[in-house]
Amino acid sequence: MSEALLRVEGLKKHFPVRSGVFSRISGYVQAVDGIDFSIARGDTYGLVGESGCGKSTAGYTITRLLSPTEGAVYYQGKNLFDLNAAGIRQARRNIQIVFQDPYSALNPRKSIGDAMKELLAVHGMGRGAEAKEKVREVLQTCGLAPYHYGRYPHEFSGGQRQRIVIARALILNPQFIVADEPISALDVSIQSQIINLLERLQDEFHLTYLFISHDLGVVKHISDTVGVMYLGRLVEEAPKQEFFARPLHPYSKALISAIPVMDPRRKIDRIILSGDVPSPANPPAGCRFHTRCPEAVQRCSIEEPALRCIAADHRVSCHLVEG
């Protein structure tokens, strides 16, 4: 197994809830509540779960776009949360993010070329004609033409904008990229093109990805390891083949059963979860999934299960799984 490029330990991100005339803190939204995982150099870690489970917040906190409440993120052995402003700027050369909505991620008042040239100037990686040439090269690498350099975001389609956002992330020669639902805002016909682009760039530039998505079909295609989040916690983690062949957590089983099947003759036993996702401001006691779990027993509502190693590289947080 390759060495870990990035290691997350006990990561928490809680947002204060304010109420009353004086806006006093009355509680906290536990968006991310103590997760641990690592990503090997050159691998893709697929982080999945329903909307609101905290996976995007985890990605933003790992990249220091949000300040953590607790925990540590080690990149090449250094804790990113201990870095000063200069250290963070240096780390940002190696750690980039691709956002879900490519249009809102781009400055509508700047041409694509000027925005990317500015990024190079800020990090001292080129100016003038040298920077202009580098931007054009990266645009071509991501499937765009050199003449797109002077155009503005509104002149591009959704797929082209996402290619631009990927090119912008690539311009600083990073080693690690957080891809936050990079295809969910795109037409189905364009999604495969972006996935193929990400895979090609990974091979060409030896990139490591944290791929955040709610689409297990895509995660099955692109990931090496899969982590499942529910209500701020990691409930299962396993290598891709092991995860899809032998899911152990009831929530993972429900997610996998919802993957669309192309063959209409093939019958799938769908697992329909009852109820709504509880509020992260007031998560249930015990196992956070027990209020919707079809297999829950009394112990699940009282005692919170630990994330245990069941087999080689396969961890699960469930009382009903024997290890």
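Helix α3 gives the most to the lining of the largest pocket, contributing five residues, in what is a predicted model. That pocket holds about 400 Å³ of space, and of the 22 residues that line it, the closest to its centre are Gln96, Ile97, Phe99, Leu119 and Arg168. The model also contains an open sheet of four strands and an open sheet of eight strands, and the points below take these parts in turn.

**The largest pocket and helix α3**

- Besides α3, the elements β6 and α5 also supply at least two residues each to the lining of the largest pocket.
- Helix α3 spans residues 112–122, and its buried residues are Ile112, Gly113, Met116 and Leu120; because these cover an arc of only 90° around the axis, they fall on the same side of α3.
- The cover over the buried residues of α3 includes α4 (128–141) and α5 (158–170).
- Just after α3 comes Gly124, which takes a positive phi of about 65°.

**The four-stranded sheet**

- The order of the strands in this open sheet is β2-β1-β4-β5, with antiparallel pairing, and its edge strands are β2 (24–40) and β5 (78–79), each of which pairs on one side only.
- Strand β4, made up of residues 70–75, pairs with β5 in the antiparallel sense over two bridges, and Tyr75 stands opposite Lys78 in β5.
- Helix α1 (residues 55–62) lies across three strands, namely β1 (4–19), β2 and β4, and runs at about 110° to β1.
- In the loop between β1 and β2 lies Ser23, whose phi is near 55°, a positive value in a residue other than glycine.
- With a relative accessible area of 37%, Ser23 is partly exposed.

**The eight-stranded sheet**

- Here the strands follow the order β6-β7-β8-β3-β9-β10-β12-β11 in an open sheet whose pairing is mixed.
- The edges are taken by β6 (95–98) and β11 (308–311), and because each has a single partner strand, one side of each is left without a neighbour in the sheet.
- From one strand to the next, the twist of this sheet averages 20°.
- Strand β3 (residues 44–48) and strand β8 (residues 208–213) are paired in the parallel sense over five bridges, and the bridge partner of Thr44 in β8 is Tyr209.
- Helix α5 packs on the sheet, where it touches β6 and β7 (176–180), and its direction makes about 175° with that of β6.
- Helix α9 (residues 250–257) also packs on the sheet, touching β9 (225–230) and β10 (233–239), and its direction makes about 110° with that of β9.

**The hairpin at the β11 edge**

- Strand β11 pairs with strand β12 (residues 314–316) in the antiparallel sense over three bridges, and Cys309 has Arg315 as its bridge partner in β12.
- The hairpin of β11 and β12 has two residues between the strands, and in it Asp313 takes a positive phi near 65°.

**Two further loop residues**

- Most residues other than glycine have a negative phi.
- Leu231, which lies in the loop between β9 and β10, has a positive phi of about 50° although it is not a glycine.
- The relative accessible area of Leu231 is 2%, so this residue counts as buried, the cut-off being under 20%.
- Ala185 lies in the loop between β7 and α6 (188–205), and with a relative accessible area of 49% it is partly exposed.
- When its neighbours within four places in sequence are left aside, Ala185 is in contact with Gln100 and Pro102.
- Between the C-alpha atoms of Ala185 and Asn282, which are 97 residues apart along the chain, the separation is 30 Å.

Notes: Residues are numbered from 1 along each chain as its sequence is written. This is a predicted model: local features need pLDDT of at least 70, side-chain atom pairs count only at pLDDT 80 or more; totals for chains, interfaces and linings use all residues. Side-chain values use heavy atoms; hydrogens and water are left out. Buried means under 20% relative accessible area, exposed over 50%, partly exposed in between (1.4 Å probe, protein chains only). The arc is that of the directions from the helix axis to the C-beta atoms. Contact means heavy atoms within 4.5 Å. Two strands pair if DSSP finds at least two bridges between them. Axes are lines fitted to C-alpha atoms, for helices over the stretch in contact, and angles run from 0 to 180 degrees between N-to-C directions. On a 1 Å grid over the protein atoms alone, a cavity is a set of points where a 1.4 Å probe fits but cannot get out, and a pocket is an open set with protein on both sides within 12 Å along at least five of seven lines; lining residues have an atom within 4 Å of a point. Grid points are joined across faces, edges and corners, and a volume is the space filled by probe spheres set on the points.
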